[in-house]
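This report describes charged contacts, helices and buried positions, and is meant to be read beside the coordinates. Please keep the sequence at hand while reading.

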Amino acid sequence: MPQTVFPAAGTMFTPSGFSPHLASTCSEADPVIEDEGGPQEARGPGACLAEGPAITSASLDTLIQHLVPTTDYYPEKAYVFTFLLSARLFISPPELLARLCETCIKQQQLDQSPLDMAKVRKFGPKILQLLTEWTETFPTDFREEKMVGLFKDIIHRIAPCDEVRRREVEEGREAYWKTLNQVLQTLSQKLAAIAQGEECIVKVNASSVSSISDKLVAFKTKSPPIQKEMLSICNDPYTLAQQLTHIELWANVQNQQGIKYFFPSLYSIVCLCLLQPCFSEQKKKTTNLEAYVRWFNRLCYLVATEICMPAKKKQRAQVIEFFIDVARECFNIGNFNSLMAIISGMNMSPVSRLKKTWGKAKTAKFFILEHQMDPTGNFYNYRTALRGAAHRSQTANSNREKIVIPFFSLLIKDIYFLNEGCANRLPNGHVHFAKFVELARQVGEFMTWKQMECPFETDSSILHYLHTAPIFSEDGLYLASYESESPENQVEKDRWKALR
């Protein structure tokens with residue numbers, strides 16, 4: 001997260017202090033924390049920080065109080081992320097921000113005149129930082145004008161002390177309004193980029209729904225071939241694995257200004273995994289996530305197409321060996337999503353039935369990779385490898401060793417079932433906050449990995465081919481497969497006859 005310079009400090013605030021307002025609002029039932037000795041009453045907001053046991057449950061009001069900064073307290077960054085991620089299940093972002101601002105106005109007496117300037121000078125930079133973190137982490141929350149209006153209102157209330165402050169600090173210190181304008185400008189640019197990215201992805205999806213006509217399998221008896229093959233574009237497995245990693249880390253979709261867009265967005269994950277039961281107008285905000293899933297499916301079909309397309313068995317075996325090596329390089333890089341897509345493509349029925357072709361290929365490495373991605377034991381082997389990659393990323397000195405790209409569909413499945421499998425509230429009405437801590441850990445870990453800048457050089461010709469090369473439909477794959485190796489049983493013969 002980029003740092004922002006605030007009028008009262010040049011660095012970000014770190015979590016500190018206890019909130020007296022929170023402590024005074026806690027009842028005997030608020031909040032509950034657990035340690036080895038069992039449940040006990042919390043001791044204030046410090047209970048949610050590194051200083052003490054984590055909160056496992058609390059009322060929504062109490063959790064909102066944890067979010068409110070004071071003159072000598074600022075919530076832990078992990079708590080801010082967790083609560084902003086999960087609170088939308090119970091309260092809409094505009095309602096939450098309204099509650100937050102209302103509490104700040106009341107606690108800091110911002111509706112009274114004259115203001116306590118010394119008090120406001122301590123509080124102002126903290127509320128500005130909190131709201132800035134919100135705009136940076138969940139920018140789409142601020143698509144609503146009400147959110148921006150509430151942001152401006154709270155800054156308007158603390159800005160009067162700025163004129164005094166200017167005379168007391170060194171020349172060049174940024175004022176509240178200037179900082180606010182910078183934050184809003186950055187937010188506006190980010191929202192515009194998100195909107196443009198969504199529109200661009202829709203257009204690309206509409207134009208890229210292309211597949212080779214089934215009739216084009218006839219090229220096996222004609223010369224020259226009707227389209228390029230992967231090996232003519234890139235015959236180095238490591239280079240192709242690097243380019244696949246570029247696509248995984250970036251949505252290589254550009255608008256006319258050449259702007260690239262991250263996908264999937266954090267908002268897409270939130271909408272899919274958390275918001276399905278509520279806020280129905282937000283359910284459809286998953287364009288980037290859907291594009292990522294479509295990319296995975298495209299890579300599967302591209303691999304299968306490249307294997308089924310060559311007319312000669314030897315050439316098909318070479319393509320199989322090539323993609324095995326690409327998959328191995330993806331594993332070594334830490335790109336598990338592309339790895340799984342390649343394995344899935346090679347395991348599609350039209351490919352796996354090519355027994356004579358597989359018989360000519362060296363497949364020992366493939367079976368090892370299959371074992372790593374085996375779904376047995378809830379993908380135990382893969383999860384072990386993922387933990388190893390995550391540990392390597394944390395201790396790495398090189399950017400190339402920091403790459404972790406998980407098998408995305410399984411990640412979404414884990415998050416979805418964690419959300420669905422645990423109640424949002426406990427029988428006493430408290431928010432089941434321990435559940436959301438785990439959700440935030442998984443989502444936050446993924447977003448950290450996705451923000452990694454790809455250290456490899458791009459190859460535009462390879463990237464263009466990966467995105468635009470025609471691919472067979474499922475029927476086209478079967479037809480190409482039967483052309484390569486004749487049907488072996490009556491079911492295959494009947495299908496071949498129907499396809500022809």
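## Helix α19 and its covered residues

In this predicted model, helix α19 covers residues 408-421, and its 14 residues should span 20 Å at 1.5 Å a residue, which agrees with the 19 Å that separates its end C-alpha atoms. Buried positions in α19 are Phe408, Leu410, Leu411, Ile412, Ile415, Leu418 and Asn419.

Phenylalanine 407 takes part in a contact across the sequence: its C-alpha atom is separated by 4.2 Å from that of asparagine 337, although the two residues are 70 residues apart along the chain. Asparagine 337 belongs to helix α14, which runs over residues 336-346, and with a relative accessibility of 2% asparagine 337 counts as buried, because the cut-off for buried is under 20%.

## Helix α10

A similar check can be made on helix α10, residues 237-249, where 13 residues at 1.5 Å each should span 18 Å and the end C-alpha atoms are indeed 18 Å apart. This helix is mostly covered, with 11 of its 13 residues buried. Among them are the charged residue Glu248, together with Pro237, Leu240, Ala241, Leu244, Ile247 and Leu249; Gln242, Gln243, Thr245 and His246 are also buried.

## Salt bridges

How many salt bridges does a search of the whole structure find? The search finds 11. One of the pairs joins arginine 88 to aspartate 141, with the closest N and O atoms 2.9 Å apart. This pair links distant parts of the chain, since arginine 88 sits in the loop between α3 (77-86) and α4 (93-108), whereas aspartate 141 sits in the loop between α5 (117-137) and α6 (145-158), 53 residues apart. Both partners are covered: arginine 88 is buried, with a relative accessible area of 2%, and aspartate 141 is buried as well, with a value of 3%.

A salt bridge within one helix is formed by arginine 157 and aspartate 153, whose closest N and O atoms are 3.1 Å apart. Both residues lie in helix α6, where a spacing of 4 residues corresponds to about one turn of the helix. Arginine 157 is partly exposed, at a relative accessible area of 26%, and aspartate 153 is likewise partly exposed, at 29%.

In a further pair, the side chains of glutamate 329 and arginine 328 meet in a salt bridge with an N to O distance of 3.8 Å. Here the two partners fall into separate classes of accessibility, for glutamate 329 is buried, with a relative accessible area of 16%, while arginine 328 is partly exposed, with 32%. Beyond such pairs, Glu438, Arg441 and Glu445 are linked in a network of salt bridges.

## A positive patch on the surface

Which residues form the positive surface patch? The patch is formed by Lys312, Lys313, Lys314, Lys356 and Lys360. Two helices, α13 (313-333) and α16 (355-360), each supply at least two residues of this patch.

Lysine 313 has its place in helix α13, and its relative accessibility of 35% makes it count as partly exposed. That class applies because 35% lies between the limits for buried, under 20%, and exposed, over 50%. The same value also passes the requirement for patch membership, which asks for over 30% relative accessible area.

Conventions
Residues are numbered from 1 along each chain as its sequence is written. This is a predicted model: local features need pLDDT of at least 70, side-chain atom pairs count only at pLDDT 80 or more; totals for chains, interfaces and linings use all residues. Side-chain values use heavy atoms; hydrogens and water are left out. Patches are made of residues with over 30% relative accessible area and no salt bridge: like charges are joined within 9 Å, nonpolar side chains (Val, Leu, Ile, Met, Phe, Trp, Tyr) within 5 Å. Accessible areas come from the Shrake-Rupley method with a 1.4 Å probe; for residues, only the protein chains shown count as cover. A salt bridge is a side-chain nitrogen of Lys or Arg within 4 Å of a carboxyl oxygen of Asp or Glu. Lys and Arg count as positive and Asp and Glu as negative; His and the chain ends are not counted. The place of a charge is taken as NZ of Lys, CZ of Arg, CG of Asp or CD of Glu. Buried means under 20% relative accessible area, exposed over 50%, partly exposed in between (1.4 Å probe, protein chains only). The expected span of a helix is 1.5 Å times one less than its number of residues.
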